[in-house]
Amino acid sequence: MAETNWYVVHTYSGYENAVKDDIEATIKSRDLENKIKEVLVPVENITTVKVGKESRKAKPKPTKLYPGYVFINMEMTDDTWYIIRNIRGVTGFVGPGSKPVPLSEEEIAQMLKEPNDLVEADIEVGDWVRIIAGSWEDKEGEVIEVNLEERLVTINIDSMTREMPVEISFADINKI
């Protein structure tokens, strides 16, 4: 069996999964399992937390790491090049001109390493918020720290002529 390498195929934006599915169907229908080993659309899970809502219920959303690209571990022959190149949604292989260039072991290891699950929030340091629940209800303050893992913010509020930092849940504040 000949050596396989990782190649990158450029696709129309938003067609990555359709291209992956079409390549996998073609592999089965043309008995190419020995020439095309793996097809990947790398994703990471991003949870976007909204302030003023129960943030513990936020669901992770798979997000493509490399939009517009599909990774293929395959033996490059004229036949496999032609088959992949003519899959609907594929615009070409990554490489100079029409010559596909395989990724090095280091490049593929870096690009396909296990992604972390990320948490994003629609709030950042410097935003002004109003507390909508708890003992500090109706107080306003500036966000001085955001803790995404605990889904808490620390805000400075005025209390008896001086600023005081208070830690509040994302669910108990609204952006002003």
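Which residue in β10 is the bridge partner of G141? In this predicted model, that partner is I157, and the pair offers a convenient place from which to enter the sheet that surrounds it.

The strand β9, residues 140-147, is joined by six bridges to β10, residues 152-159, and the two run antiparallel. Four residues lie between these strands in their hairpin, where R151 takes a positive phi near 60°. G141 also leads in the other direction, since V129 stands opposite G141, and β8 pairs with β9 in the antiparallel sense over three bridges. From β8, residues 128-131, another three bridges reach β12, again with the strands running antiparallel, and here R130 stands opposite N174.

Put together, five strands form an open sheet with antiparallel pairing, in the order β11-β10-β9-β8-β12. Because β11 (162-169) and β12 (173-175) stand at the edges with a single partner strand each, one side of each is left without a neighbour in the sheet. Direction ignored, neighbouring strands of this sheet are turned by 40° against each other on average. As a general background to such arrangements, strands of a sheet pair through backbone hydrogen bonds, either parallel or antiparallel.

Another open sheet has three strands in the order β4-β3-β7, and its pairing is mixed. Its edge strands are β4 (61-64) and β7 (118-121), each of which pairs on one side only, while neighbouring strands are turned by 40° against each other on average, direction ignored. Within this sheet, four bridges join β3, residues 43-49, to β4 in an antiparallel run, and E44 stands opposite T63 of β4.

The nonpolar interior can be followed next. In soluble globular proteins, nonpolar side chains tend to be buried together. The largest nonpolar core here has 17 residues, of which I23, I36, V39, I72, M74 and I84 touch the most other members. Two or more residues of this core come from each of β1 (5-11), α1 (16-29), β2 (36-40), β5 (69-74), α2 (78-85) and β6 (90-93). M74 illustrates the surroundings of one such member: leaving aside its neighbours within four places in sequence, M74 is in contact with E3, T4, N5, Y7, K35, I36, K37, T80, W81, I84 and F93. Separate from this core is a second one of 13 residues, which includes V153, I155, I168 and F170. Of these, V153 and I155 bring the reader back to β10, the strand of residues 152-159, and I168 falls in β11 (162-169).

Key:
Residues are numbered from 1 along each chain as its sequence is written. This is a predicted model: local features need pLDDT of at least 70, side-chain atom pairs count only at pLDDT 80 or more; totals for chains, interfaces and linings use all residues. Side-chain values use heavy atoms; hydrogens and water are left out. Two strands pair if DSSP finds at least two bridges between them. Axes are lines fitted to C-alpha atoms, for helices over the stretch in contact, and angles run from 0 to 180 degrees between N-to-C directions. A nonpolar core is a set of buried Ala, Val, Leu, Ile, Met, Phe, Trp, Tyr and Cys residues joined through side-chain atoms within 4.5 Å. Buried means under 20% relative accessible area, exposed over 50%, partly exposed in between (1.4 Å probe, protein chains only). Contact means heavy atoms within 4.5 Å.
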